[in-house]
Amino acid sequence: MCDTCGCNITDGNRHLLTPPKGQTNFGNTPAKILNNLLLHNDQQADTNRARFDSKCVLTINLMSSPGSGKTALLEATIRKLNGSLRIAVIEGDLETENDADRIRALGVPAHQITTGTACHLDAHLVEKALDHLNLDELDVLFIENVGNLVCPASFDLGHHRNVALLSVTEGDDKPAKYPVMFRAADLMLISKTDILPYLPEFSPDRAEGCLRNLASKAPALRLSSKSGEGLEAWIAWLHSELKSYRKARQQHETVKPNVQPEGRMLHRAEPEIRFVAVKKSA
Amino acid sequence: MHELSLCQDVMDQVTELARKHGARSVSRVKIQIGQLAGVEPLLLESAFTIARAGTVAEQAEMITEVVAPLVVCNACGSESEVTPSSLVCLACGNNDTRLIRGDELILARVELEVDED
């Protein structure tokens, strides 16, 4: 989808497409530089991660379809934690400050990234957002990605863990339909379980089965941000991840999310070469 | 996704090969795409028509070959060719498997036109 909608290019990396000063022949320059976008993204992601690591801030990337309850989960998490962890949120949406406003209303720092047309966050957009947050005062940073089950899976933001939400209104075969996304998940959350009684067609067991069929060992937790059911297990996961992250930091190590390589970097194996002889032109 | 930037990566390698072998032009490029690569063959092909413009591969055709996932079972050791939505061992039904093929993007073959002498 991205080459047709132009979503490779975000406000965060647009500068990479600008020709060097004084260069008048625009010609192939953008194409040439575009080539490196993903490489640049990965480099920026490493820089971001080093920044999180220097302040020991566990950073979690929340991904899902639009409307599966990412912001509601964050609201419920903030209430449940009740100040026991210092957290902040980066919100990604195409437009509006609505989600960041919801987080701020609970007294938690939030910065909204509006991506315009881009359907995912990238490492450059996150870097810009970091200027608006004080990492010194944080234990955990949540990045709520743009609601989309395709592109966000491929862009490393420099975060440490991927959490994928699947709400019970969506169909329990989502992991089978979007294997690249769900294979990237370090944790799958089945959300909105309070309305399960009205949705007999959704089976949490089947959803988890679809995840297991992707050879994923990621835990699958069930919760409702509205009723609070299942929140304890999610909070426990969070604490346990924070504990192992801090342990890793004591060893000067970091943790990386289950980001799939997606063959984004062309394998450097030597291709087979075939020669076709053609008559010399006159 | 991001097929255009991937195509630029392809073009870089192809252009370099053409230069190294003193080719006059590139006539065909073959790419293998794993079904779990997150890359859509049709989009890659259409992105290629943009990426090749003005290069030594301007007239080149891109052939894409889709590669099904291959897993090896951690329980029984069997290898199975599977579908992207089910990476389960076909021999014993275990889902404790490792993907050994199917998430890659490989430049498999390049056909170069060279002057006959």
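# A tour from strand β1 to the aromatic cluster

Select L58(A) to begin: across from it, in β4(A), stands V140(A). Keep in mind as you click around that this is a predicted model.

**Stop one: β1 and its partners**

Now widen the selection to the whole of β1(A). The strand is mostly covered, with six of its six residues buried. Show the side chains and look at which way they go: L58(A), I60(A) and L62(A) point one way, T59(A), N61(A) and M63(A) point the other way, and all are buried. That fits the usual pattern, since side chains in a regular strand alternate between the two faces of the sheet.

Add β4(A) to the view. β1(A) and β4(A) pair in the parallel sense, over five bridges. Then bring in β5(A), which also pairs with β1(A) in the parallel sense, here over four bridges. To find a spot on that seam, pick N61(A); its bridge partner in β5(A) is N162(A).

**Stop two: across to β6 and β7**

From β5(A), step over to β6(A). Five bridges join these two strands, which run parallel. A handy pair to label is V163(A) in β5(A) and its bridge partner L187(A) in β6(A).

Is β6(A) enclosed or open? Five of its five residues are buried, so β6(A) is largely enclosed by the rest of the structure. With side chains on, you'll see L187(A), L189(A) and S191(A) pointing one way from β6(A), and M188(A) and I190(A) the other way, all of them buried.

One more strand: select β7(A), which pairs with β6(A) in the parallel sense over three bridges. L189(A) has L221(A) as its bridge partner in β7(A). Add α9(A) between them and you have a right-handed β-α-β unit, made of β6(A), α9(A) and β7(A).

While you're here, try the loop between α9 (204-212) and β7 (220-222) of chain A, where A215(A) lies. Check its backbone: phi of A215(A) is near 60°, a positive value in a residue other than glycine.

**Stop three: the nonpolar core**

Time to look at the packing. The largest nonpolar core has 32 residues, and those with the most contacts inside it are I60(A), F142(A), V163(A), L189(A) and W234(A). Elements giving two or more residues to this core include β1 (58-63), α4 (70-81), β2 (87-93) and α5 (98-104) of chain A. The most comes from α10(A), with eight residues.

If you also want to see chain B, a second, separate core of 27 residues includes V10(B), A23(B), V29(B) and L44(B).

**Stop four: W234 and its rings**

Go back to chain A and centre on W234(A). What is W234(A) in contact with, leaving aside its neighbours within four places in sequence? The list is L73(A), T77(A), F142(A), V163(A), L187(A), L189(A), L221(A) and L223(A).

Now for the aromatics, of which there are two pairs over all chains. F142(A) and W234(A) form a tilted one, 6.2 Å centre to centre with 40° between the planes. F142(A) lies in strand β4 (residues 140-144) and W234(A) in helix α10 (residues 231-250) of chain A, so this pair ties together parts that are 92 residues apart in sequence. Both F142(A) and W234(A) are buried.

Next, select W237(A) too. W234(A) and W237(A) form a stacked pair, 5.8 Å centre to centre with 15° between the planes. Being three residues apart in helix α10 of chain A, W234(A) and W237(A) are separated by about one helical turn. W237(A) is buried, as is W234(A). Put F142(A), W234(A) and W237(A) on screen together and you're looking at one aromatic cluster.

**Stop five: past the end of α10**

Follow the chain into the loop between α10 and β8 (272-278) of chain A, where H252(A) has its place. Here again phi is near 60°, a positive value in a residue other than glycine. Is H252(A) buried or exposed? At 69% relative accessibility, H252(A) counts as exposed.

**Last stop: colour by confidence**

Finally, colour chain A by pLDDT. The chain averages 86, and 82% of the residues score at least 70. Over residues 19-36 of chain A the pLDDT is below 50, and this stretch has 19 contacts in the model beyond near neighbours in sequence. Residues 260-268 of chain A are below 50 as well, with 40 such contacts in the model. Where pLDDT is low, the predicted coordinates should not be read in detail.

Methods:
Residues are numbered from 1 along each chain as its sequence is written. Chains are lettered from A and ligands numbered from 1 in the order in which they are written. This is a predicted model: local features need pLDDT of at least 70, side-chain atom pairs count only at pLDDT 80 or more; totals for chains, interfaces and linings use all residues. Side-chain values use heavy atoms; hydrogens and water are left out. Rings of Phe, Tyr and Trp (its six-membered ring) pair if their centres lie within 6.5 Å; planes under 30 degrees apart count as stacked, over 60 as edge-to-face and the rest as tilted. Buried means under 20% relative accessible area, exposed over 50%, partly exposed in between (1.4 Å probe, protein chains only). pLDDT is the predictor's confidence in each residue, from 0 to 100. Contact means heavy atoms within 4.5 Å. A nonpolar core is a set of buried Ala, Val, Leu, Ile, Met, Phe, Trp, Tyr and Cys residues joined through side-chain atoms within 4.5 Å. Two strands pair if DSSP finds at least two bridges between them. A crossover is right-handed if, with the strands pointing away from the viewer, the path from the first strand over the helix to the second runs clockwise.
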